[in-house]
Amino acid sequence: MAVHLNFINRSNDTNNARIVIFQKNVARNTGEIPIAWRVIDYCGVGDNHPFTFPLSMTVAVSDDQGGYTPQIEAMHGASYHAALMPSGITLLPSGQASSNREIQVFNFLQKGAIDAGVYKDGRLLALRTQLGPNQEAAFAFKPSIWIGAASQVTQGEVLHPSVLSEVSTELSLQGIASADIVMTGGGPGENAPPFAFSMQNIVMA
C-alpha cells in the first residue's frame, strides 16, 4: 500500500530550487534532527515529478565498523533488538513495544554502539546514532509529510537547522490514495512571494 503523489512546479522560480520532503520523528524525547527523505532536483517550471509514499517502513542497524544488517519490516507498536550471533550482529523482532505508536529498537550487545535507522521506500527516513548497550531508540511518525524549497540539502543526510526553520508546510496524507502537490510563488526580486505548497486533485482511499 502506498500514497501516489505527483509534485507539480507551478511557481515562478528560475533557479531550480531543490524540494526536500521529510517526516519528523514525534516519539518521546528523541531530540534528533530530521533526515532529508527525498530531494527533488531540476524540476523546472511546468514540470512534474511523480513519486510514491509507501505506508510500510523497514528498520536496520549499523555498527561502528560500517556494517549494516538487512532491513526488516517495521511496524508501529513493535520492538526490535540488535544481538550478536555467530554470523555477526543481527536485528531481530522482540514482540510488542511499550507504546503502540512507536517503533522501538534496543541494543542488546554486550559492548559497542549501533546506529538505528528507519527507512521508507528504501530511503533513510530517521536515524538514532550512538545507541549504547541496553539503550533504546524510539521512532513514531504522523501520517503526514513536510515539504519545502531549500538550496543546500542532500538526500539521506541530516537537515541543517536553517533549512528546518524555512520549511513550514505539513501535508496530511491520512486516508489519501493519490494527490498532486502543487508549488506556487517564488520568482526574482525581493518582493517575490514565498513558495507555497498545496494538495490538489485528492483521491481518498
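1. Two strands pair if DSSP finds at least two bridges between them. In this predicted model, strand 5 (residues 57–63) and strand 10 (residues 114–120) meet that condition with six bridges, and their pairing is antiparallel. Within this pair, Val-61 of the chain faces Ala-116, a residue of strand 10.

2. Overall content. The protein chain has one helix and 16 strands. The C-alpha trace spans about 60 × 35 × 30 Å along its principal axes. Of the 205 residues in the protein chain, 44% are buried. Counting contacts between residues at least 6 apart in sequence, 64% connect residues at least 24 apart.

3. The sheet with strands 5 and 10. These two strands belong to an open sheet of four strands, ordered 6-5-10-11 and paired antiparallel. The edges are taken by strand 6 (72–74) and strand 11 (123–131); each has a single partner strand, so one side of each has no neighbour in the sheet. On average, neighbouring strands here are turned by 30° against each other, with direction ignored.

4. The sheet with strands 15 and 16. A further open sheet of four strands runs in the order 4-1-15-16, and its pairing is mixed. Its edges are strand 4 (48–54) and strand 16 (196–204), each with a single partner strand, so one side of each is left without a neighbour in the sheet. The average turn between neighbouring strands of this sheet is 20°, direction ignored. Strand 15 pairs with strand 16 in the antiparallel sense over seven bridges. Met-183 stands opposite Phe-197, which is in strand 16.

5. The largest nonpolar core. In soluble globular proteins, nonpolar side chains tend to be buried together. The largest nonpolar core here has 41 residues, and the members that touch the most others are Leu-5, Phe-7, Phe-139 and Ile-181. Strand 15 (residues 176–184) contributes the most to this core, with four residues. A second core, separate from this one, has ten residues, including Phe-22, Ala-36, Ala-150 and Leu-159.

6. Which residues does Leu-5 contact, leaving aside its neighbours within four places in sequence? They are His-49, Pro-50, Phe-51, Phe-53, Ile-145, Leu-173, Ala-179 and Ile-181. Ile-181 in this list is also one of the core members with the most contacts to other members. Phe-51 and Phe-53 come up again in the next point, as members of a ring cluster.

7. Aromatic rings. The model has three aromatic pairs. Phe-106 and Phe-108 form a tilted pair, with 6.0 Å from centre to centre and 40° between the planes. Are these two rings on buried or exposed residues? Neither label applies: partly exposed covers the range between under 20% and over 50% relative accessible area, so Phe-106 at 21% is partly exposed, and Phe-108 at 43% is partly exposed as well. Elsewhere, ring pairs join Trp-37, Phe-51 and Phe-53 into a cluster.

8. Lysines over rings. Lys-120 lies over the face of Phe-53, at 4.5 Å from the ring centre. Phe-53 therefore has a part in three of the features listed here: the contact with Leu-5, the ring cluster and the lysine placement. Lys-24 lies over the face of Trp-146, at 3.7 Å from the ring centre.

Key. Residues are numbered from 1 along each chain as its sequence is written. This is a predicted model: local features need pLDDT of at least 70, side-chain atom pairs count only at pLDDT 80 or more; totals for chains, interfaces and linings use all residues. Side-chain values use heavy atoms; hydrogens and water are left out. A nonpolar core is a set of buried Ala, Val, Leu, Ile, Met, Phe, Trp, Tyr and Cys residues joined through side-chain atoms within 4.5 Å. Buried means under 20% relative accessible area, exposed over 50%, partly exposed in between (1.4 Å probe, protein chains only). Contact means heavy atoms within 4.5 Å. Axes are lines fitted to C-alpha atoms, for helices over the stretch in contact, and angles run from 0 to 180 degrees between N-to-C directions. Rings of Phe, Tyr and Trp (its six-membered ring) pair if their centres lie within 6.5 Å; planes under 30 degrees apart count as stacked, over 60 as edge-to-face and the rest as tilted. A charge sits over a ring if NZ of Lys or CZ of Arg is within 6 Å of the ring centre and within 35 degrees of the ring normal.
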